[in-house]
Amino acid sequence: MSMFISAVLSDLTSRSMSFLLDKLSTAAIAAATSEETLSSLERLLLRVHVIVEEAEQRHVTNQAMLWQLNQMRKEMYRGYHTLDDIFKCKDQSQAVMMLPSSSTPSRSFNPAKRRRLSSGSGLREQERLREVLVGLETVIKDASELVVFLSGCPRRCRQPYSTYLILDKCMFGRQMEMERIMDFLLQEEVPIDGNPPGVLPIVGPGKVGKSTLIEHACNDDRVRDHFSQIMCFSQNSITDDRTVAPLSDCDVIKHRSGANGEERVLVIIQLTGDIDEAVWRKFYSDCKRHVAIGSKIIVASRSDKIARLGTTQPLKVQFFVPEVYWYFFKVRTFGSTDTRDHPKLVSIAMDLAQEMNGCFFGATVFSGLLKANFDAHFWSTALAIVKDFKRVNLLHFGDKCADLWQALEPVFLRRVNKTSSEYLVIVHDYETGFVQDSAQSEGPQMSIRDLLFGSSNFRPRGRFGVLAWRSHIPPHYRYMMNCEVRRPGRVVSTKKPIEQIAS
């Protein structure tokens, strides 16, 4: 009994000390100066970054560890976003202070009002920093056991050390989704007579990375050892008007081992929308008759309606939240360059990332252009182009298009030149990969830089094609645009949308 009481008292003492230390830590954060707090944030981010980078070199399959690492990444991305945002605000404040004073100061620049605004902004900044620091301290405090378990996880194949090199060759930020797919594919099925193949629906908007996830899973050695064949179908091949394509008529066989036809098969179906119920029933019935127990089917689409096809819960792939997206865009744009040496460029890049609203396509295209032209004027021009693109198209589309980066209709990009009334219009974009799109670019080719910024060497006429981007990671898609020159039926106004487009 005395040992039990002693243990209880020891636990209470430990909890009380922990509570007091947390209180003191919070009070210290609140009392610290801005510079001290920023210094603490940088130190904590470095500690978390070391753990995350080490974890990404390990093959982790434990779901609890993956969840903890995911929380750690979220806090790390939030910390970097907060740090860069504060430096951006400071740079803008210094720029305002350097403006020449007017002989008749306006009300908006009243010194007393400015002091009140600065004071309020400073309090909000301190509160925001405090929340970020507490979050980082919490994940570090909980990471002691995680670090021990990580040391027992096998290492992946050696990869480039610098993050900006890894992002060019590897998938970013999809560890949880990837493990969900792997768990589904490698899960052993109970050998019951007539056991149908499992179906995993993967749902998400266009260009969010569904194909990239599937491709990485198909290239994993564990998957290739588990399945004798990996067969891929497109929307057109599985929804033929006359008949449903048999398994032998797939578009591509990604993998085939020397095993006989009774071995497990992985079927990949890439859709853009929904699939007719009768077509699916016939295709699924064909799979049940001709594939071995343990075979699996993955169906990927932009439509939520395919969730009904699954034998398990659908995997929903979303765009990154702003903090994660900014980290992705920053690393791709600045590479190994220290962002603290370029506060003006960081400020422009943050505004550009905000305008692109999580679009991977925009991040990839613009990061390549900006990285090749480390000049504030060029970056400001890029930001102005994106803002004008959104302004013109919002005037035209209005509420019909909630996200211009996902627009299915032709979108206005920019004027042919400063004095022209003609616009360059992106008629449609498409990707070419393991299933070649029937659409081909028409007319001459233009570079993505000339399309966005203009060039005296290329004057577009009629229809022309643009290679927007070539992916460095599987499935190595080439992202193409078909564009043309159009003259608006009426001049674009700042108050009224374009009402008519000449065809």
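## A tour from H12 to Lys296

Begin by selecting helix H12 together with helix H14, where Tyr325, Phe328, Phe329, Arg332 and Thr333 in H12 meet Phe360, Ala363, Thr364, Phe366, Ser367, Leu370 and Lys371 in H14. If you colour these residues by type, you will find that the contact of H12 with H14 divides into seven nonpolar, three polar and two charged residues. Keep in mind throughout that this is a predicted model.

Now show the two helices as ribbons, with H12 covering residues 322–334, and look at how they pack: the angle between H12 and H14 is about 30°, and their axes are 8 Å apart. Because angles under 35 degrees count as roughly parallel, H12 and H14 are described as roughly parallel to each other. The crossing that H12 and H14 make is right-handed.

Keep H14, which spans residues 360–371, on the screen and add helix H15, which spans residues 376–397. The axes of H14 and H15 come within 10 Å, and they cross at roughly 155°. Since angles over 145 degrees count as roughly antiparallel, H14 and H15 are placed in that class. H14 passes H15 in a right-handed crossing.

Which residues of H14 and H15 meet? On the H14 side, select Phe366, Leu369 and Leu370, and on the H15 side, select Phe378, Trp379, Ala382 and Val386. The residues of this contact divide into seven nonpolar, no polar and no charged. It is worth pausing on Phe366 and Leu370, because H14 uses both of them in its contact with H12 and both of them in its contact with H15.

Next, leave the helices and select strand E5, residues 296–301, where you will find Lys296. Is Lys296 buried or exposed? The relative accessible area of Lys296 is 1%, and because buried means under 20%, Lys296 is buried. To see what surrounds this side chain, display the residues that Lys296 touches, leaving aside those up to four places away in sequence: they are Phe184, Leu185, Gln187, Glu189, Pro197, Gly198, Phe227, Val265, Leu266 and Val267.

Finally, zoom out until the whole protein is in view, with its 16 helices and 11 strands. Of its 503 residues, 44% are buried. Among the contacts with a separation of 6 or more, 75% are between residues 24 or more positions apart. If you then switch to a surface display, the protein exposes about 27,500 Å², of which carbon and sulfur atoms supply 54%.

Definitions and conventions. Residues are numbered from 1 along each chain as its sequence is written. This is a predicted model: local features need pLDDT of at least 70, side-chain atom pairs count only at pLDDT 80 or more; totals for chains, interfaces and linings use all residues. Side-chain values use heavy atoms; hydrogens and water are left out. Axes are lines fitted to C-alpha atoms, for helices over the stretch in contact, and angles run from 0 to 180 degrees between N-to-C directions. Helices (H or I, at least four residues) and strands (E, at least two) are DSSP runs, numbered from the N terminus. Angles under 35 degrees count as roughly parallel, over 145 as roughly antiparallel, 65 to 115 as roughly perpendicular and the rest as oblique. A crossing is left-handed if the near helix is turned anticlockwise from the far one by less than a right angle, and right-handed if clockwise. Contact means heavy atoms within 4.5 Å. Ala, Val, Leu, Ile, Met, Phe, Trp, Tyr, Cys and Pro count as nonpolar, Asp, Glu, Lys and Arg as charged, and the others, Gly among them, as polar. Buried means under 20% relative accessible area, exposed over 50%, partly exposed in between (1.4 Å probe, protein chains only). Accessible areas come from the Shrake-Rupley method with a 1.4 Å probe; for residues, only the protein chains shown count as cover.
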